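This report is meant for a reader who meets the structure here for the first time. It moves from one enclosed helix to the charged pairs and then to the strands.

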Amino acid sequence: QMDLCIEAFGTSKQKRALSSRRMNAVGSDAVSTAVTRAAANLIDTKGVTALLQDMAQDDVQNISAFLPPCHEDADRPEHVYRFEDILSAAEYEALRVPAASLASVSTEEVARRAEERSHCSFVLEELKFLPADEKSRDHKARCLWFLDTLIKFSHLKVIKKKHPMGPECPHIITKKLMKNFTSMTYNNGSLQNFISASMRAKIAAHVIALALHINNFQTDLTVLQNDLKLSESRILDIAKALRLRVSKAKGVPGLGSDQSHKLGTLSLPLPTQKAPEGQRKRRKMS
């Protein structure tokens, strides 16, 4: 009805705008029709099964693109994913102040934080086993603080705040999160940072790599999966892309001990990368 009013009584400018909008609508419909037709032709040519296999393979390749740098020629597990590739010296130093509260936490405080769910399950469990040595305790506390921050950051969607992780998060860490673990989108006339599925996979890969350094290069993938809110297949794809050996284990008491957990172990020599199940016997379809 509004369009009819513009046609009958509108100004020249309004009529030009109406004509332009209708032309754009026709163009959009033409593009949509062309895309639909192309998709149908592709399905007819290749087959649904082959297309799904291609998508799975692309997904694995996408995961690989977001892994921390892998040093395949390393002579020790700690050199495969180097700590300095996860946290630079400046970033590590910046964690000293915020991590101090974790380094000095008491047993009673850990229990209280567990009740309040102040941290992810992985961190709450590791806080029970902080080293007595002051230097080692401080190091582990810094790693746990950053890992906890990464996991909390992965739960965000669109980043709207200047300090998404709170003012206590050092500026250099906030900058790292925004630069390395977000994508850009154009919304309502402005650019916004958001966390895409690929960025969540990247965060998960870095979380696993850091957890390996914390846990002597063997970590409970199921606990991290639950903390990151990922599916088991997704966390296992990432673990295998990281060249971990995956095995079964009984869950940690209090963390779903009735659940069969998956352990990820980084050991040398690294296993060769294999296509996921269903890719190994692919056939070309004509």
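In helix α12, the buried residues are Leu221, Thr222, Val223, Leu224, Gln225, Asp227 and Leu228. The model is a predicted one, and what follows should be read with that in mind. Because seven of the eight residues of α12, which spans residues 221–228, are buried, this helix is largely enclosed by the rest of the structure. Both ends of the helix have a feature that can be found in the view. At the start of α12, Asp220 places a side-chain oxygen within 2.9 Å of the backbone nitrogen of Thr222, and just after the helix Lys229 adopts a positive phi of about 60°.

**Charged pairs**

Side chains of opposite charge can pair when their charged atoms come close. In this model the count of salt bridges comes to 13, and three of these pairs are set out below.

| Acidic residue | Basic residue | N to O distance |
|---|---|---|
| Glu91 | Lys176 | 3.1 Å |
| Glu109 | Arg113 | 3.0 Å |
| Asp148 | Lys152 | 3.0 Å |

The pair of Glu91 and Lys176 links distant parts of the chain, since Glu91 belongs to helix α5 (residues 89–94) and Lys176 to helix α10 (residues 171–180), with 85 residues separating them. Glu91 is buried, its relative accessible area being 11%, and Lys176 also counts as buried, because its relative accessibility is 11%, where the cut-off for buried is under 20%.

The other two pairs in the table each lie within a single helix. Glu109 and Arg113 are four residues apart in helix α7 (residues 107–116), so about one helical turn separates them; Arg113, at 12% relative accessibility, counts as buried. Asp148 and Lys152 are likewise placed four residues apart, about one turn, in helix α9 (residues 134–154). Is each partner of this pair buried or partly exposed, and what is its relative accessibility? Asp148 counts as buried because its relative accessibility is 5%, whereas Lys152, at 35%, counts as partly exposed.

Salt bridges can also be followed through a group of side chains, as they link Glu93, Arg96, Asp138 and Arg142 in a network.

**Strands and a surface patch**

Strand β3 (residues 190–194) runs antiparallel to strand β1 (residues 158–159), and two bridges join them; here Ile159 stands opposite Asn193 of β3. Strand β3 is also joined to β2 by five bridges, again with the strands running antiparallel, and in this pairing Ser183 stands opposite Phe194 of β3. Where β2 and β3 form a hairpin, two residues lie between the strands, and Asn188 takes a positive phi near 55°.

Which residues form a nonpolar patch on the surface, and how much accessible area do they have together? The patch is formed by Met184, Tyr186 and Leu191, whose accessible area together is about 390 Å². Of these residues, Tyr186 lies in strand β2, which covers residues 183–187, and Tyr186 counts as exposed because its relative accessibility is 61%, the cut-off for exposed being over 50%. The outward-facing patch with Tyr186 on the surface can thus be viewed alongside α12, which is largely enclosed by the rest of the structure.

Key
Residues numbered from 1 in each chain as written. Predicted model: local features only at pLDDT ≥ 70, side-chain atom pairs only at ≥ 80, totals over all residues. Heavy atoms only, no water. Patch = residues over 30% accessible without salt bridge, like charges linked within 9 Å, V, L, I, M, F, W, Y side chains within 5 Å. Areas by Shrake-Rupley, 256 points an atom, 1.4 Å probe, with all protein chains shown as cover. Salt bridge = Lys/Arg side-chain N within 4 Å of Asp/Glu carboxyl O. Buried < 20%, exposed > 50% of the residue type's maximum accessible area, 1.4 Å probe, protein only. Polar contact = N/O pair within 3.5 Å; in protein donor to acceptor, adjacent residues only side chain to side chain. Pairing = 2+ DSSP bridges.
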